[in-house]
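Let's take a walk through this structure together, from the overall build down to a few single residues. Keep the sequence and the 3D view open as you read.

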Amino acid sequence: MRDLADVIVVGSGAAGASAAFHLAARGRSVTLLERQNLPRPKPCGGGMAASVQRWFPFDLSPVVDQVIEQVRFTWDLHDPVTAVLPGDSPFWIVRRSKLDAYLAEQASAAGARVLTGEAVERIERDGDHWRVVLAGGQSLASRGLVVADGSGSRFAQPLGLGPARPRYASAVAVEVEAEVREPATARFEFGLVQHGFCWAFPRQGGYSIGVGTFIGRNPANSDAVLAQLLPSLGLAADAGERFSSPLRVWNGHHPLHCPGAVVVGDAASLCDPFLAEGLRPALLSGVRAAEALDHWLGGDRSALAGYSATMRRQWGDSMAWGRRIAQVFYRVPKVGYQLGIKRPTAPQRIAQILSGELGYGDIAQRVIRRLLFQGQ
């Protein structure tokens with residue numbers, strides 16, 4: 001077939017662009033599709049462990065807005081607990097418009113064909129290859145496929161990729177341009193939201209702020225929450241541009257592959273169900289998906305199943321514990337704060353999880369027993 005690519009990647013977010021780069025760097029012919037023009041805004045706190053740098057041969061520092069050195073936790077804006085991040089594994093704040101465009105540029109430089117402003121209408125299996133039909137009627141074909149179309153994925157479920165019934169956290173993201181008081185400090189506030197928390201991440205020229213609810217279907221009254229949170233940062237109660245941004249969170253082990261295709265990033269429901277971390281698993285899944293597809297294209301028929309197994313081992317097993325912690329913590333959040341945050345070693349453990357040094361499995365059994373016993 002003419003113009004048959006090795007792989008088509010649908011979506012150029014962090015996961016999709018990462019997969020496209022690594023495939024192209026391995027010599028595979030890749031077409032990366034993005035329905036919007038780059039750079040484009042994307043609601044996201046933008047926090048990720050600096051340890052992700054090891055997955056890329058190019059420097060990520062050009063897209064790092066701020067290096068976080070410590071994390072401060074509060075309950076109802078009081079009772080603060082501060083954890084200093086490990087010196088060799090800090091936490092980075094990036095702006096998604098910059099990060100995603102930068103990764104797509106790296107993919108293009110490695111040889112990928114990047115098509116922006118191209119919405120995908122449908123994806124079909126056609127014999128031993130995939131046919132991707134664009135909204136304008138153009139049809140593209142490939143041997144392999146990466147589904148990377150985000151939390152609102154249209155294609156993961158019909159292809160049997162990831163959970164049949166994804167679970168969502170309700171979230172509102174706010175971008176505020178302002179002078180930043182403590183540029184090296186990220187904040188997590190647990191008392192203002194009944195079944196969730198707020199975050200405030202400093203970036204160049206302002207803050208990325210969010211309100212997330214992780215249990216139940218009723219979102220927090222974000223305007224009321226923000227009216228308390230924003231003044232604590234020296235901001236007007238109504239400051240910032242606000243976006244509804246549902247998070248598709250991890251909700252059990254599910255296949256992330258089907259014949260000839262894999263799903264990555266938010267479309268794969270990889271977001272941390274406790275602390276809402278999404279960028280690190282997105283980048284990790286892009287890297288591992290590229291490795292698996294390269295081996296599959298080379299004749300290893302078990303490689304795509306290996307991708308599902310690898311993501312379970314390197315991310316899902318930790319998230320299974322993270323979900324259990326979240327289910328207990330957010331049902332009795334005040335007890336959770338006292339026992340899960342204020343204990344002498346707890347803030348440092350959370351800091352190590354954010355930096356990628358620990359997984360939830362390293363702390364989960366002790367934390368869950370403590371919360372269940374005290375929360376009765």
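**A guided walk**

Let's start at D79, which sits in strand β6; helices (H or I, at least four residues) and strands (E, at least two) are DSSP runs, numbered from the N terminus. What you're looking at is a predicted model, where local features need pLDDT of at least 70, side-chain atom pairs count only at pLDDT 80 or more, and totals for chains, interfaces and linings use all residues. Residues are numbered from 1 along each chain as its sequence is written, and side-chain values use heavy atoms, with hydrogens and water left out.

D79 has a phi near 55°, a positive value in a residue other than glycine. D79 is also partly exposed, at 28% relative accessible area. On this scale, buried means under 20% relative accessible area, exposed means over 50%, and partly exposed is in between (1.4 Å probe, protein chains only). L77 has a positive phi too, of about 70°, although it is not a glycine. You'll find L77 in the loop between β5 (70-75) and β6 (78-84), partly exposed with a relative accessible area of 23%. For some background, most residues other than glycine have a negative phi, and most peptide bonds are trans. There's a cis bond to look at as well: the peptide bond from L38 to P39, with omega near -5°. P39 belongs to the loop between β2 (30-34) and β3 (47-49).

Now step back to the whole protein. How many helices and strands does the protein have? There are eight helices and 19 strands. Along its principal axes, the C-alpha trace spans about 65 × 40 × 40 Å. The radius of gyration (taken over C-alpha atoms) is 20 Å, which agrees with the value near 21 Å for a compact globule of 376 residues; the globule rule is 2.2 Å times the number of residues to the power 0.38. Buried residues make up 58% of the 376. Contacts (heavy atoms within 4.5 Å) often link distant parts of the sequence: of those with a separation of 6 or more, 72% are between residues 24 or more positions apart.

What about the inside? In soluble globular proteins, nonpolar side chains tend to be buried together. Here the largest nonpolar core has 112 residues, a core being a set of buried Ala, Val, Leu, Ile, Met, Phe, Trp, Tyr and Cys residues joined through side-chain atoms within 4.5 Å. Touching the most other members are F73, L103, L145, V146, F188, F190 and Y330. Helix α4 (residues 279-297) gives the most to this core, with eleven residues. Another core, of 18 residues, lies apart from it, and includes Y207, V211, L235 and A239. Leaving aside neighbours within four places in sequence, F73 is in contact with residues including D79, F188, F190 and Y337, so you can trace a path back to our starting point.

Two more stops. Is T31, in strand β2, buried or exposed? T31 is buried, with a relative accessible area of 6%. Not counting residues up to four places away in sequence, T31 touches A5, V7, I8, V9, R113, L115 and L140. L247 is in strand β17 (residues 247-249), and is buried at 17%. Beyond four places in sequence, L247 touches residues including S151, R167, Y168 and C271.
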